[in-house]
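Here are my notes on this one, point by point. Have the model open while you read.

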Amino acid sequence: MTVFFIGAGPGDPELITVKGQRLVRSCPVILYAGSLVPAAVLDGHAAEQVVNTAELDLDEIIALLKEAHDGGKDVARVHSGDPSLYGAIGEQIRRLRELQIPYEIVPGVTATAACAAALGCELTLPDVSQTLILTRFATKTTMPEGEQLSDDELRPHYGDDCPIAVIYRASWPDEEKVTGTLADIVGKVKTTQIERTALILVGRVLAAEGFADSTLYAKAGN
């Protein structure tokens with residue numbers, strides 16, 4: 001028996017991996033985060049037990065996993081995006097280790113990748129950007145010391161004209177994107193209904209044009 005932490009992708013049901021889809025369709029027990037994972041991800045399943053964990057607390061979730069373990073039933077534990085990024089699987093894994101319940105992580109497509117696809121751009125261009133920094137604003141989860149991003153910290157370093165994009169529910173049918181600069185993006189977003197479930201991408205890579213070709217496809221000898 002194994003608990004499979006499966007990344008369902010950012011929202012589009014077709015962005016789950018082949019391995020993830022196979023496990024969803026074969027595991028006898030499915031626990032999925034219904035607030036962020038569309039029900040269509042579960043299409044074709046033959047599970048005898050399907051539970052939306054959106055309203056459950058950690059103890060209740062672990063109790064269901066232990067029940068499946070005691071019954072020798074594999075579990076598809078379905079999370080949005082990639083479960084290793086803001087997936088809240090760490091505390092579940094810690095409890096599973098204490099209970100000696102086997103688990104496996106199945107990676108998924110991140111919301112960041114879906115945002116890049118929505119913008120039609122590459123996030124790592126030669127001479128422009130070779131580093132990605134992922135962070136979040138403090139909400140229910142506090143930020144560790146030194147990782148807080150203040151509201152105006154970017155403008156002095158990136159410049160008012162630095163491109164920025166706000167992507168709401170990337171890859172979902174109601175996806176919405178707002179693009180602008182650090183100087184005008186606040187006003188643009190205020191004209192929308194976007195309040196949460198959005199990613200903010202910042203960097204000159206979003207509007208780069210005169211970058212060098214990569215060496216990956218360079219002719220031999222160049």
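1. Start with Arg-97: with a relative accessible area of 57%, Arg-97 counts as exposed, because exposed means over 50%, buried under 20% and partly exposed in between (1.4 Å probe, protein chains only). Arg-97 sits in helix H3, residues 90-98 (helices are DSSP runs of H or I, at least four residues, and strands are E runs of at least two, numbered from the N terminus). Its C-alpha is 20 Å from that of Tyr-86, 11 residues apart along the chain.

2. Before going on, a caveat: this is a predicted model, where local features need pLDDT of at least 70 and side-chain atom pairs count only at pLDDT 80 or more, while totals for chains, interfaces and linings use all residues. Residues are numbered from 1 along each chain as its sequence is written, and side-chain values use heavy atoms, with hydrogens and water left out.

3. Next, H3 against helix H2 (residues 58-70): their axes come within 11 Å and cross at roughly 50 degrees. Axes here are lines fitted to C-alpha atoms, for helices over the stretch in contact, with angles from 0 to 180 degrees between N-to-C directions. H2 and H3 are therefore oblique to each other, as opposed to roughly parallel (under 35 degrees), roughly antiparallel (over 145) or roughly perpendicular (65 to 115).

4. Who makes that contact (heavy atoms within 4.5 Å)? H2 brings Leu-58, Asp-59, Ile-61, Ile-62 and Leu-65, and H3 brings Glu-91, Gln-92, Arg-95 and Leu-96.

5. Finally, Val-37 touches Ala-8, Tyr-32, Val-78, His-79, Ser-80 and Trp-172, leaving aside residues up to four places away in sequence.

Terms used
Contact = heavy atoms within 4.5 Å.
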